[in-house]
Amino acid sequence: MTPYPFSAVVGLADLRLALLLNSVSPHVGGVLVRGEKGTAKSTVVRALASLLPPVDVVRGCRFACDPGAPDPLCPDGPHAPDSPAHSRPAALVELPVGATEDRVVGTLDIQRALADGVKAYEPGLLAAAHRGILYVDEVNLLPDHLVDLLLDAAAMGRAHVERDGVSVKHAARFLLVGTMNPEEGEPRPQLLDRFGLVVTVSAPRDAGDRAEVVRRRLAYEADPDAFAARFAGDELALAARIVAARQHLPRVVLPDGELDRIARVCLAYGVDGMRADIVVARCSVALAAWHGRDVVTADDVRDAARLALPHRRRKDPLDPPGTDEERLEDALSQAEPPPSPPSEDDDPEPDGGGSPPPPSSGPDGGPPPPPSSGPDGGAPGQPPSDAGLDTPDAGDKSGAGMAPAAAAGNAYRTRTLKIAARGTGGHAGRRSPSIARRGRVIGSRVPVGKLGGAPHLPATLRAALHRGDRFAQAGGRLVQPRDLREAVHVGREANLVLFVVDASGSMAARRRMTVVKTAVLSLLRDAYQRRDRVGMITFRGHDAEQVLPPTSSHEVGVMRLAALKTGGRTPLAAGLRTAAATIATERRRDPRRRPLLIIVTDGRATSGPDPVLMAPALAGVATVVVDCESGPVRLGLARRLATALDADLMPLDQLEAGAATAPGRAA
């Protein structure tokens with residue numbers, strides 16, 4: 001299947017098995033491949049298509065109808081029982097992250113509608129993938145509206161198109177395979193749950209294995225045909241085994257005992273819903289068929305559970321991803337049937353059932369001796385009493401050390417912080433208003449090149465009527481392709497939400513950092529739900545640090561926030577300077593994504609220049625200053641900063657949705 005040795009890349013053998021099981025039984029539900037870059041994820045997936053058996057399709061049908069059981073709702077049908085058919089390889093259709101909705105589900109063929117006056121439907125990628133493989137690289141970066149389309153098709157096995165005057169339904173049953181790099185963020189939980197199996201791969205850590213990977217890659221590049229011939233026999237054997245397993249699949253029996261085991265495993269592991277039970281059952285049957293067995297065994301259930309359950313346990317979308325192997329092993333152990341009670345004929349204990357002295361006793365039966373002291377008088381193996389605290393900041397005249405990381409409280413629903421000005425067409429999301437592909441129609445425009453969105457029919461007709469004197473020269477057709485106008489929509493976009501957080505020593509007073517961390521955690525959750533990219537800068541001592549470069553991985557942001565400690569002076573100006581540099585870099589990298597700067601501070605600056613002097617560097621950046629000043633005496637320094645930055649001022653105690661007072665502009 002691939003030039004890479006399966007024993008070398010960690011998890012690649014599991015990936016190979018997961019793909020083969022879905023080839024045997026597509027009802028398992030597809031595969032999601034998680035792994036760092038450069039681990040042959042895409043290579044293995046693309047190699048699967050050559051192993052799948054060819055499919056018989058009705059000749060001329062654009063929707064790959066099976067001649068033995070054609071789709072009665074096929075837009076190209078109905079097909080007669082004796083319709084001519086032909087055999088072709090199973091399709092591998094790639095869905096790019098930047099695909100449009102029209103390309104995915106299909107749409108009205110505008111050119112034919114205008115030129116010939118017929119309402120013709122142009123099929124999309126879902127139709128092309130029917131009875132084949134739909135492969136989505138970087139599936140975690142797929143826009144929300146495309147995720148919704150995939151969820152609907154995966155749930156129903158059918159695509160339903162209602163747009164542009166077209167109403168079409170067609171079969172769309174495919175093997176869904178996605179790959180992703182966890183560093184770029186996690187997919188939506190709804191999409192994650194649709195994948196039957198999830199496999200994690202990583203690069204080999206053994207020098208010999210890495211050398212073998214390079215050796216095979218170089219051999220392939222030197223002579224691809226010879227390299228393919230070297231493994232042709234293995235591929236033919238795999239393809240034949242897939243066909244045999246498919247034929248054997250209907251004869252496999254899932255005993256009630258193993259079905260009960262599956263239910264106990266899923267209950268013990270704490271998954272939601274019933275999809276996990278169904279997937280484990282289907283995967284167990286496919287495993288038995290793959291190994292040529294007629295009955296599902298306990299080993300089949302254990303192997304299926306390891307592939308189908310770990311990704312279904314995350315209760316919170318911001319929980320750390322990954323496999324909780326220890327908990328899964330506990331669940332598998334709990335699912336084992338209880339041992340049979342001992343019979344009366346069993347021999348008693350050789351020593352009469354007595355028990356040895358408790359291990360806590362001393363050598364003479366008395367209390368245990370006290371443990372030896374550690375280097376500072378503490379318990380052995382424990383750090384000194386001041387371990388874990390940072391050294392005092394050299395510039396902090398108080399001499400106070402770094403405080404341990406404060407824990408955040410329970411996240412709450414925050415007010416919606418957004419950019420008031422309308423964007424001109426950013427990334428689809430749920431935060432700030434912007435020109436978008438979908439949403440409220442506010443006008444029309446002449447399309448640039450091919451029609452990229454929905455046509456604006458009234459504007460198109462107006463353009464045609466404007467040149468009505470040329471109607472006769474147009475061959476009797478009122479509307480010409482050059483009259484086309486597309487609709488302009490206003491929707492919501494995703495932004496870059498950049499947090500600048502005060503981590504100086506003053507934030508450790510009166511549990512203020514716990515409140516601040518809870519607020520930032522709540523804002524991170526809000527950014528996840530609105531599909532934003534996030535970044536985080538902290539400042540303390542004499543400088544600022546970018547603890548989280550801009551990313552879509554909100555989970556990493558939560559972990560960095562949890563580890564944040566406080567201490568030292570307050571170099572607020574350094575934090576603003578670092579924020580300006582970060583925003584400038586991101587604007588060059590992605591000019592379509594607008595930044596939203598959220599500064600969490602009380603406005604005090606005890607180190608460096610006056611932060612107001614940084615205002616010109618942040619001119620034009622939408623900013624919210626979250627004022628975390630507390631106590632009976634307040635200096636109002638955060639308001640002064642917000643005024644200089646032309647920012648909204650948000651008191652920390654009013655950040656939660658439903659608070660009495662709404663945020664406003666700094667006076």
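This is a short talk on one protein chain, covering its overall make-up, one of its sheets, a buried asparagine and some cysteines.

Hi everyone, and thanks for coming. Before anything else, please keep in mind that this is a predicted model.

Let's start with the whole chain. It has 667 residues, and 47% of them count as buried. In secondary structure, we have 19 helices and 21 strands. Now for the contacts: taking those between residues at least 6 apart in sequence, 76% join residues at least 24 apart. As for the outside, the accessible surface is about 32,900 Å², and carbon and sulfur atoms account for 54% of that.

Next, the sheet I'd like you to look at. Five strands make up this open sheet, in the order β4-β7-β10-β1-β11, and the pairing is parallel. At the edges sit β4, residues 92-94, and β11, residues 197-201, each of them pairing on one side only. Going from one strand to the next, the twist averages 20°. Who packs on this sheet? That is helix α2, residues 41-48, which touches β1, β4, β7, β10 and β11. The direction of α2 makes about 165° with that of β10.

If you zoom in on β7, residues 133-137, you'll find five bridges joining it to β10, with the two strands running parallel. For a landmark, look for Val-136, which stands opposite Gly-178 in β10.

Follow the chain on from β10 and you come to Asn-181, in the loop between β10 (175-180) and α7 (189-194). Is this asparagine buried or exposed? Asn-181 has a relative accessible area of 6%, so it is buried. Leaving aside residues up to four places away in sequence, Asn-181 touches Gly-35, Glu-36, Lys-37, Glu-138 and Asn-140.

Last topic, and one for those of you who think about reducing agents: the cysteines. How many disulfides does the structure hold? The count is zero. As a reminder, a disulfide is a covalent bond between the sulfur atoms of two cysteines. Take Cys-61: its closest cysteine sulfur is in Cys-74, 3.6 Å away, and because the cut-off is 2.5 Å, that is too far for a bond. Cys-74 is in no disulfide either, and its nearest cysteine sulfur, that of Cys-65, is 3.6 Å away. Both of these residues are covered: Cys-61 counts as buried at 11% relative accessibility, and Cys-74 is buried with a relative accessible area of 6%.

That's my tour, and I'm happy to go back to any part of it.

How values were computed
Residues numbered from 1 in each chain as written. Predicted model: local features only at pLDDT ≥ 70, side-chain atom pairs only at ≥ 80, totals over all residues. Heavy atoms only, no water. Helix = DSSP H or I, 4+ residues; strand = E, 2+ residues; numbered from the N terminus. Buried < 20%, exposed > 50% of the residue type's maximum accessible area, 1.4 Å probe, protein only. Contact = heavy atoms within 4.5 Å. Pairing = 2+ DSSP bridges. Axes fitted to C-alpha atoms, helices over the stretch in contact; angles between N-to-C directions. Areas by Shrake-Rupley, 256 points an atom, 1.4 Å probe, with all protein chains shown as cover.
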